[in-house]
Amino acid sequence: MAIKYIQFQSGFGVPSPSPFCMKGEILLKMAGAEYQTEIMDDPRKAPKGKLPFLTDDGTEVADTALIQWHLESKYGVDFDAGLTMEQRAVSHAMARMIEERLYWVTLYSRWIDDHNWPIIKNFWFGSMPPVIRSLVPIIAQKQVKSGLQAHGIGRHAMKDIYAFGAADLEALAVQLGSKPFMFGDQPSSLDATAYPSIANSLIEELPGPLLDAAKSHENFAPYVQRCEALWFADFGQ
Ligand SMILES: N[C@@H](CCC(=O)N[C@@H](CS)C(=O)NCC(=O)O)C(=O)O
């Protein structure tokens, strides 16, 4: 395998502040793939304007669902081996919940909520030259705002948006229960999706209702530690 994996820089004490970038890398690790990572600061340079993406012997694959399918079809990996058809259906639905709703709550909590926006602004744009540093975040925040509007979630009151996030985290906490991973003793594709979002919800530097909701589930912190030890053992050392 000659795979190059392109993603954002790490930060906030998690392997990536982008749950999607963490997910793609976990899929590569689960597949036993050999890959090299490259950091990209500006997602506009990515094939679909979003990160992560990979290149594999000249083939570009952009989007973590397509990365999953690529690894399955090209290398014969089954991330959900051992799951029943019913579990696979639940896994699919939960992954879509995480990516199509919880992700947007996370985005809102970082880019719109006034408590966290200055921290996020400094993280992504703080090292830019002075004039650019004051302009680019305004444009970027406007784009996120219109994305949230187009999705629909941005039209709701703050308390309702955070209630959506808390409900999604609650569903994940119940699914995890006291099991090591989402469907038992072995990790599956849902862990590649869920662990990054849970870890990103538990960032102490980004306080607020999303963090509070995540912290209310006692099974999350040990789950995050377990997944980090499995997939990112070198992280932070
Ligand atoms: N469906 C995509 C979503 C990727 C995504 O939303 N990436 C975010 C970072 S978490 C991004 O690059 N955002 C930049 C932008 O939208 O301009 C996937 O599964 O890879």
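**Exercise 1.** Which residue just after α1 takes a positive phi?

*Solution.* Step through the backbone past the end of the helix. G32 has a positive phi of about 70 degrees. Keep in mind that this is a predicted model.

**Exercise 2.** Check the length of α1 against the span expected at 1.5 Å a residue.

*Solution.* Start with the bounds: α1 covers residues 19-30. Its 12 residues should span 16 Å. Now take the end C-alpha atoms, which are 16 Å apart. The two values agree.

**Exercise 3.** Decide how far α1 is covered, and by what.

*Solution.* Apply the cut-off: a residue is buried if 20 or more other C-beta atoms lie within 10 Å of its own. In α1, 10 of the 12 residues pass, so the helix is mostly covered. Those buried are P19, F20, C21, M22, K23, G24, E25, I26, L27 and L28. Next, find their partners. The buried residues pack against strands β1 (3-7) and β2 (35-39), and against helices α2 (64-75), α3 (85-111), α7 (189-201) and α9 (220-231).

**Exercise 4.** Classify the packing of α1 on α2.

*Solution.* The axes lie 10 Å apart, at an angle of about 5 degrees. Angles under 35 degrees count as roughly parallel, so α1 is roughly parallel to α2. Then list the contact. From α1 come F20, K23, G24 and L27; from α2 come T64, I67, Q68 and L71. Sorted by class, the contact holds four nonpolar, three polar and one charged residues. As for spacing along a helix, residues three or four places apart point the same way, because an α-helix has 3.6 residues a turn.

**Exercise 5.** Describe the side of domain 1 that touches domain 2.

*Solution.* Set the bounds: domain 1 is 3-75 and domain 2 is 85-231. Their centres are 18 Å apart. The contact draws 13 residues from domain 1 and 14 from domain 2. On the domain 1 side, α1 gives the most, with seven residues. That side divides into eight nonpolar, three polar and two charged residues.

**Exercise 6.** Where do backbone exceptions sit in the loops, and are F12 and D57 buried or exposed?

*Solution.* Recall the norm: most residues other than glycine have a negative phi, and most peptide bonds are trans.
- A cis peptide bond joins L51 and P52, with omega about 10 degrees. P52 is in the loop between β2 and β3 (53-56).
- F12 has a positive phi, near 60 degrees. F12 sits in the loop between β1 and α1. With 17 other C-beta atoms within 10 Å, F12 is partly exposed.
- D57 has a positive phi, near 50 degrees. D57 lies in the loop between β3 and β4 (59-62). Its 9 C-beta neighbours inside 10 Å make D57 exposed.

Methods: Residues numbered from 1 in each chain as written. Predicted model: local features only at pLDDT ≥ 70, side-chain atom pairs only at ≥ 80, totals over all residues. Domains from an automatic or database assignment. Contact = placed C-beta atoms within 7 Å. Helix = DSSP H or I, 4+ residues; strand = E, 2+ residues; numbered from the N terminus. Nonpolar A, V, L, I, M, F, W, Y, C, P; charged D, E, K, R; others polar. Expected span 1.5 Å × (residues − 1). Axes fitted to C-alpha atoms, helices over the stretch in contact; angles between N-to-C directions. Parallel < 35°, antiparallel > 145°, perpendicular 65-115°, else oblique.
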